[in-house]
Amino acid sequence: MTTEYSYKEMYNRWEIFINGGNDTSHLRKEVADSWKRCKKLNVNPFKIPPIMDEYEIEEIISKNQYLINVVGPFIKLISDLTKETNFLYVLTDQNGNVIEVRGEKHVVEQAKKSNFVIGANRFEGAGTNAISVAIITGKPIHIGGPEHYNVNFHQWSCAAAPIHDSKGELRGVLTLSGHYSLKHTHTLGMVVSLAKVIEKELLFNEKNLEKEKKNKLSQKIYFTFEDIIGSGEGIQSAINLARVVSKKSTRILVEGESGTGKELFVQAIHHASERSEYPFVAVNCGAIPAQLIESELFGYHDGAFTGAKKGGMPGKFELANNGTLFLDEINSMPEDMQVKLLRVLQENEVTRVGGTTPIPINVRVIGASNESLEKLVDKKDFRRDLYYRLGIIVLQIPPLRERTEDIPELFIYLLNKICKRLNEKCPEFDRDILEYLKSFHWPGNIRELENYIERAVVLSQGEKLTLEYFPYKVIEHVFMPKKIELTSLENMEKQFIQKALDVFDGNMSKTSQLLGITRKTLYNKMKTFNLQKNSRERIL
């Protein structure tokens with residue numbers, strides 16, 4: 001039978017303990033154990049725990065955003081039902097970091113006095129409290145008044161319940177806090193019930209994510225050869241070669257700079273092949289940590305390592321059986337994995353990590369690289385034998401700067417695509433833009449062009465698209481002569497001003513803004529150099 005103590009009696013026993021006493025007989029075991037640990041750790045029972053700095057808070061919030069999103073609606077629902085109850089709902093992560101606080105304004109303000117705010121930590125370094133005990137024991141608990149080790153928490157009564165995921169791992173702690181006088185036997189039950197509902201929601205989300213992950217393993221093919229835009233000789237040559245090789249199961253290596261559309265070609269090849277009814281599985285070799293890439297590609301056996309899923313897991317080779325496995329950024333694959341991949345390509349079978357039984361596979365492998373693998377081989381950064389196994393056919397995708405004749409067609413296609421996605425009406429555009437864009441060097445290729453077109457659509461707000469809505473570096477490139485010739489500063493200035501006037505269709509405000517001079521100065525210079533608002537008007 002638990003003895004009930006008054007607040008004053010509990011405070012007196014707390015005071016004796018922190019002044020050197022050892023009696024914890026009035027406390028429950030888990031609370032008493034925590035007091036002893038706090039004393040051993042030299043926790044200051046009079047100091048208000050500190051708050052993290054802004055950068056640390058942002059990092060903690062970002063790291064726990066998923067949990068905040070899941071818990072948020074439930075806390076809002078309950079807090080709406082319990083308005084004006086003077087309670088505070090607090091969510092912490094598994095380490096006791098406060099990541100969410102909800103409650104009436106005056107209660108939140110009261111909590112600030114003891115730094116019970118986002119960015120505070122309520123693990124045992126802050127002294128015994130409901131959150132720290134719930135984390136350590138993994139069980140719900142109610143702690144009130146002088147049961148808290150820190151005197152700054154004595155006014156609070158807190159009920160905390162841990163939140164676990166489907167694997168039983170602690171994800172966070174939900175706490176309902178109020179003034180000590182508000183202590184009620186139903187408070188803990190309410191928090192425990194809410195925590196259980198949240199755990200069910202986490203389980204539901206995890207199952208959905210698992211389903212989505214499985215669906216993504218065999219990816220939907222979105223692109224065919226008809227989706228590849230461009231009628232120039234360079235891109236048409238690549239398309240024709242890709243069409244020919246798509247009919248056989250020959251291994252292909254697709255090379256091209258980032259943003260040139262390598263995966264678009266790979267998907268089109270798969271779609272046109274005899275394997276089109278079977279899985280298309282894509283793996284970005286550069287995005288997988290070196291220590292995980294083997295199990296990702298080859299799968300793992302039951303119990304192969306700590307945390308391995310019961311029953312094991314098939315790798316991407318098995319999932320792509322009879323279909324196509326696309327190994328993107330294969331140039332970033334570690335050398336030891338290159339050896340293992342070579343063996344799989346030679347023997348057409350895989351052995352899961354931790355297993356001993358080879359599994360036969362029938363997979364067409366297509367690799368892609370944003371660097372020349374042949375050059376990497378010469379520099380000994382890629383295995384020669386693997387290069388020859390993969391690169392039976394090497395398909396080169398030309399960069400955008402080498403196919404500028406395709407820019408008008410690409411521009412119109414991308415503009416329509418972007419406006420459809422943004423649910424915007426396609427704006428008119430200055431036809432001269434196409435010539436200006438053709439003069440840019442496009443280091444990011446088609447992906448960069450698409451980004452800049454979307455930027456222009458958003459900034460123009462439905463107005464006619466002109467060069468001014470594109471990034472300054474594009475505009476600057478238009479003005480900078482490709483070949484610098486010796487000329488007078490006066491002549492260079494004259495050419496520069498006329499070019500700016502042409503680009504902005506004689507708009508004096510935009511031209512002066514770009515040149516960094518006033519409209520009055522611009523007018524004076526135009527008069528001095530005998531310039532027209534638009535040189536094309538003179539030609540007409």
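Asn-322, at 29% relative accessibility, counts as partly exposed in this predicted model, because the partly exposed class lies between the 20% limit for buried residues and the 50% limit for exposed ones. Asn-322 sits in the loop between helix α11, residues 316–319, and strand β10, and its backbone carries a positive phi of about 75° although the residue is not a glycine. Most residues other than glycine have a negative phi. A second asparagine can be read alongside Asn-322: Asn-115, in the loop between α5 (105–112) and α6 (130–137), has a phi near 55°, again a positive value in a residue other than glycine. Asn-115, however, is buried, because its relative accessible area of 19% falls under the 20% limit.

The loop that holds Asn-322 leads to β10, and from there the eye can move to the partner of that strand. Strand β10, residues 324–328, pairs with strand β7, residues 280–284, in the parallel sense and over five bridges. Within this pairing, Val-281 has Leu-325 of β10 as its bridge partner. Strand β7 is mostly covered, with four of its five residues buried. In a regular strand the side chains alternate between the two faces of the sheet.

Another pairing, between β1 (residues 88–93) and β2 (residues 98–103), is antiparallel and is also built from five bridges. Here Val-90 finds its bridge partner in Val-101 of β2. The two strands form a hairpin with four residues between them, and in the turn Gly-96 has a positive phi of about 90°.

Helix α17, which spans residues 445–460 and includes Val-458, also contains Tyr-452. What is the relative accessibility of Tyr-452, and is this residue buried or exposed? Its value is 12%, so Tyr-452 counts as buried. Leaving aside neighbours within four places in sequence, Tyr-452 is in contact with Phe-440 and Trp-442, and also with Phe-470, Pro-471, Lys-473 and Val-474. For one of these partners, Pro-471, the separation from Tyr-452 is 19 residues in sequence and 7.2 Å in space, taken from C-alpha to C-alpha. Val-458, in the same helix as given by its place in α17, contributes to a nonpolar surface patch of about 230 Å², which is made together with Leu-422 and Leu-459.

The cysteines offer a further point to examine. How many disulfides does the model contain? The count comes to zero, under a rule that asks for a pair of cysteine sulfur atoms within 2.5 Å. A disulfide is a covalent bond between the sulfur atoms of two cysteines. Cys-38 is buried, with a relative accessible area of 0%, and Cys-285 is likewise buried, with a value of 3%.

These local features belong to a protein chain with 22 helices and 14 strands. Of its 540 residues, 45% count as buried. The accessible surface of the chain comes to about 29100 Å², and carbon and sulfur atoms account for 51% of that area. Among the contacts in the chain with a separation of 6 or more, 67% are made by residues that stand 24 or more positions apart.

How values were computed
Residues are numbered from 1 along each chain as its sequence is written. This is a predicted model: local features need pLDDT of at least 70, side-chain atom pairs count only at pLDDT 80 or more; totals for chains, interfaces and linings use all residues. Side-chain values use heavy atoms; hydrogens and water are left out. Buried means under 20% relative accessible area, exposed over 50%, partly exposed in between (1.4 Å probe, protein chains only). Contact means heavy atoms within 4.5 Å. Accessible areas come from the Shrake-Rupley method with a 1.4 Å probe; for residues, only the protein chains shown count as cover. Patches are made of residues with over 30% relative accessible area and no salt bridge: like charges are joined within 9 Å, nonpolar side chains (Val, Leu, Ile, Met, Phe, Trp, Tyr) within 5 Å. A salt bridge is a side-chain nitrogen of Lys or Arg within 4 Å of a carboxyl oxygen of Asp or Glu. Two strands pair if DSSP finds at least two bridges between them.
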